[in-house]
Amino acid sequence: MAKAVTTREAGYQVLSDPRFAKDIRHWEDYRQGRIPPDWPLLFIVAGKGLLTTDGDTHRRLRQPIQRAISPRRVKELLPDVEAVARRLLAGLATVPAGEETDLQARFALPLPLEVICSLLGVPEEGGLREELHELSAAAMNSELGADAILHTVGQRFPATLLSLIERKRSRGDRDDLTMELVDALDAGRLTEEEVIGNLVVTVIGGHETTVNLICHAVRGLLTHPETLAEVRARQAAGDDPWPEVVEEALRWESPSRNVMFRYATEDITVEGGAVIHKGEAVLVPLPAIQRCPHAFPDPDRFDPGRAENAQHLAFGAGAHRCPGASLARAEAAIALRLLFETFPELALAPRPAERVPSLGINGYRALPVFLRPAP
Ligand code: HEM
């Protein structure tokens with residue numbers, strides 16, 4: 001059994017109070033053998049990685065990742081992000097005016113996928129980047145049966161990452177996040193299981209969420225034409241409106257659906273008076289609490305620059321707060337600026353954007369748009 005909090009304040013408390021642990025051994029149902037071994041989410045919540053550990057172990061696992069996506073590294077990456085975005089948009093320019101196209105498949109997904117793969121030093125050739133996306137999407141698909149999860153995610157994902165490491169070792173690769181983790185492995189600071197666990201979290205976290213951020217921001221602007229007009233006017237006046245658009249998109253439609261379980265290490269009263277008892281699991285459903293009207297007045301309105309925006313929890317809070325936040329923010333701002341500059345008449349297609357069935361992420365199967373109106 002798991003509980004879920006329903007307000008922004010209670011969500012913040014669960015995410016930031018270290019008495020809510022991430023190590024599954026604090027979960028009474030798990031300790032008592034009540035969680036079946038073929039439960040599809042087990043791979044995610046029991047894997048060995050920085051998202052499932054606490055305290056010193058967590059700090060040791062997080063260090064190499066935090067170093068690899070430090071603000072300085074992110075700044076160095078930005079010209080490459082812009083180049084990838086421009087290349088993808090040039091590819092889209094060949095779509096005939098008036099023809100429906102999937103903006104997610106053609107732009108919002110390949111951009112963060114290429115960026116995270118360059119950060120990890122995944123070779124461009126050989127289809128490995130696409131395979132990593134397929135495995136990540138499977139890991140986030142809550143409709144996949146237990147056998148498929150075990151095969152695809154429990155076995156193929158680690159095997160693919162191990163073969164990536166072998167390939168990179170034999171090529172003598174250096175200076176990327178995978179090789180930093182391999183150095184830590186060779187120096188005895190990380191085990192092989194921990195390296196794989198960290199790579200899984202970084203591959204999934206590094207692109208499955210950013211794609212949603214870009215798509216939600218596009219939907220937010222295209223469903224609020226007055227807001228889009230204001231954004232355009234600010235840009236024409238030499239202002240940079242995109243960071244505020246990105247921040248509001250993070251609040252309006254959190255790219256993650258639930259922040260996965262934390263376990264109470266003692267009885268804890270959360271804001272509102274409810275008690276999470278020792279050994280109970282608790283979820284933080286971000287899209288719901290970020291529409292909490294107490295914290296965000298008129299929450300359904302897409303309103304870049306709203307005063308209370310710094311309160312959103314889209315990147316989590318506390319010790320596990322997303323280390324990729326500045327990369328994701330910068331990537332999305334670049335993507336949106338170039339997209340709306342290149343296709344000023346961009347419009348949503350009437351076919352609705354269908355959501356993916358996932359407990360972990362809040363995204364679409366596709367984002368059908370018209371890049372230019374029919375002549
Ligand atoms: C819009 C984009 C993103 C969103 C919304 C997002 C969201 C989150 C959230 C909510 C957490 C905390 C989970 C928890 O507390 O249990 C998290 C952790 C994490 N994210 Fe992100 N993320 C994004 C992009 C990225 C990127 C680009 C990377 C890597 C380059 C990344 C890597 C990670 C890692 C490694 C963790 C685990 C941190 C830890 O446990 O200490 N994320 N992310």
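How many nonpolar, polar and charged residues does the shell around the ligand have? In this predicted model, the shell divides by class into 15 nonpolar, 9 polar and 3 charged residues. Altogether, 27 residues surround the ligand, and the closest of them are K22, H58, R262, H320 and C322.

It is helpful to see where these residues come from along the chain. Five elements each supply at least two residues of the shell: helix 4 (55–68), helix 11 (192–207), helix 12 (210–222), strand 4 (258–264) and helix 16 (325–342). Helix 11 gives the most, with 3 residues.

The contacts with the ligand can be followed atom by atom, and the iron atom is a natural place to begin. Its only protein donor is the SG atom of C322, at 2.3 Å. C322 is found in the loop between helix 15 (286–289) and helix 16, and helix 16 itself is among the elements that supply at least two residues of the shell.

Oxygen atoms of the ligand have protein partners too. A polar side-chain atom of K22 lies 2.7 Å from a ligand oxygen atom, and K22 is also one of the closest residues to the ligand. For R62, a polar side-chain atom is likewise found 2.7 Å from an oxygen atom of the ligand. L50 makes its approach through the backbone, with an N or O atom 3.4 Å from an oxygen atom of the ligand.

Attention can now turn to the second largest pocket, which holds about 290 Å³ of space. This pocket is lined by 18 residues, and those closest to its centre are A137, E208, V356, I361 and Y364. Two elements, helix 8 (128–139) and helix 12, each give two or more residues to the lining. The largest share, 3 residues, comes from helix 8. Helix 12 is thus a familiar name here: it contributes to the lining of this pocket and supplies at least two residues of the ligand shell. By class, the pocket lining has 10 nonpolar, 6 polar and 2 charged residues.

The strands offer a further view of the fold. Four of them form an open sheet with mixed pairing, in the order 1-7-4-2. At its edges are strand 1 (2–4) and strand 2 (20–21), each pairing on one side only. Strand 1 runs parallel to strand 7 (residues 281–285), and the two pair over 3 bridges; within this pairing, A2 has A281 as its bridge partner in strand 7. Strand 4 belongs to this sheet and also supplies at least two residues of the shell around the ligand.

A second group of 3 strands forms an open sheet in the order 3-9-8, with antiparallel pairing. Why is one side of strand 3 and of strand 8 left without a neighbour in the sheet? Strand 3 (100–102) and strand 8 (347–348) stand at the edges and have a single partner strand each, so one side of each stays without a neighbour. Strand 8 meets strand 9 (residues 368–370) in the antiparallel sense over 2 bridges, and A347 stands opposite F370 in strand 9.

Methods: Residues numbered from 1 in each chain as written. Predicted model: local features only at pLDDT ≥ 70, side-chain atom pairs only at ≥ 80, totals over all residues. Heavy atoms only, no water. Near = heavy atom within 4 Å. Polar contact = N/O pair within 3.5 Å; in protein donor to acceptor, adjacent residues only side chain to side chain. Helix = DSSP H or I, 4+ residues; strand = E, 2+ residues; numbered from the N terminus. Nonpolar A, V, L, I, M, F, W, Y, C, P; charged D, E, K, R; others polar. Pairing = 2+ DSSP bridges. Donors = N, O, S within 2.8 Å, 3.2 Å for Na, K, Ca; no water. 1 Å grid on protein atoms, 1.4 Å probe; cavity = no way out; pocket = protein on both sides within 12 Å on 5 of 7 lines; lining within 4 Å. Points joined across faces, edges and corners; volume = space filled by probe spheres on them.
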